[in-house]
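Visitor: Please show me how to read a few features of a model. Short answers are fine.

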Amino acid sequence: MTINERDIMGGLAKGLAVIETFTAERPRQSIAEVSAASGLDRATARRCLLTLAQGGYADYDGKFFTLTPRILRLGTACLATMPLPQIVQPNLDRLSEEIGESSSVSVLDGNEIVYVARAAQRRVMSIALMPGSRLPAYCTSMGRVMLAALPEPELAGLLSHAPFPARTIHTLTEGHQIRARLDLVRRDGFATIDQEVEMGLRSIAVPLLNARGRVVAAVNIGLPAAHATIEELRDRFLPHLFQLQAELRRLLN
């Protein structure tokens with residue numbers, strides 16, 4: 001469906017752009033920082049931020065803005081209308097109980113993954129992961145299994161932004177490196193990450209397919225690197241993930 005430009009509410013679009021500048025790495029920002037991150041001029045960024053503060057969606061201490069828990073209403077409302085979290089959460093809880101490790105389900109949104117369900121046995125990253133959390137797709141196990149399923153033109157467009165930021169000394173940042181890993185993911189049907197997102201974290205993921213065989217999400221198991229080598233990760237947890245994949249395929253549309 002083509003949307004006429006005259007039907008677009010520019011103020012709303014700018015406000016959403018401002019909200020999206022707040023991340024786990026940038027939870028507290030000045031007007032200048034939000035302006036730079038959103039691409040909006042300072043005056044527009046200021047008005048958007050003050051509007052959020054007036055509505056209770058942001059706190060303002062005179063210099064810095066932070067989002068308040070009220071902003072979660074927007075994400076919670078969205079997640080509540082999505083059947084995927086409701087379908088996968090019971091299976092995810094059972095998996096996490098069986099293996100004693102944390103597991104998650106995410107979907108792909110552009111060049112990022114968005115967590116939609118999580119069963120946490122312990123905190124595995126320095127940032128708190130929960131439904132709505134975002135991480136780069138290029139260096140995450142769930143991101144790579146979903147990137148591997150993209151049509152070539154779409155994948156080429158995303159990889160054209162390489163080199164990507166190195167989150168650790170192990171992060172693959174070049175397009176040809178990531179493409180080579182994605183070839184292995186397509187061949188093997190799973191992806192592993194060894195301390196590319198954060199030092200001390202390893203994870204393994206498989207795609208979640210619907211009844212028609214289309215990749216609609218990904219599920220992973222993440223744990224401290226001290227708990228398992230990459231080989232142990234595959235041997236211990238891949239059968240569990242493939243079993244969950246088969247169970248959910250019958251349920252996903």
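Guide: We take some paired strands, then one loop residue.

Guide: This is a predicted model, where local features need pLDDT of at least 70, side-chain atom pairs count only at pLDDT 80 or more, and totals for chains, interfaces and linings use all residues. Residues are numbered from 1 along each chain as its sequence is written, and side-chain values use heavy atoms, with hydrogens and water left out.

Visitor: Which strands pair with β5, and in what sense?

Guide: Strands are DSSP runs (E, at least two residues), and helices are runs of H or I, at least four residues, all numbered from the N terminus. Two strands pair if DSSP finds at least two bridges between them. Here β4 (residues 102-109) joins β5 in the antiparallel sense over seven bridges. On β6 (residues 134-136), β5 makes three bridges, also antiparallel. Val 114 of β5 is the bridge partner of Val 107, and its partner in β6 is Arg 134.

Visitor: What happens at the turn between β4 and β5?

Guide: Two residues separate the strands of this hairpin, and Gly 110 takes a positive phi near 65°.

Visitor: Is β5 mostly covered or open?

Guide: Buried means under 20% relative accessible area, exposed over 50%, partly exposed in between (1.4 Å probe, protein chains only). In β5 (residues 112-119), seven of eight residues are buried.

Visitor: Where is Thr 168 found?

Guide: Thr 168 sits in the loop between α7 (152-159) and α8 (175-188). Thr 168 counts as buried because its relative accessible area is 11%.
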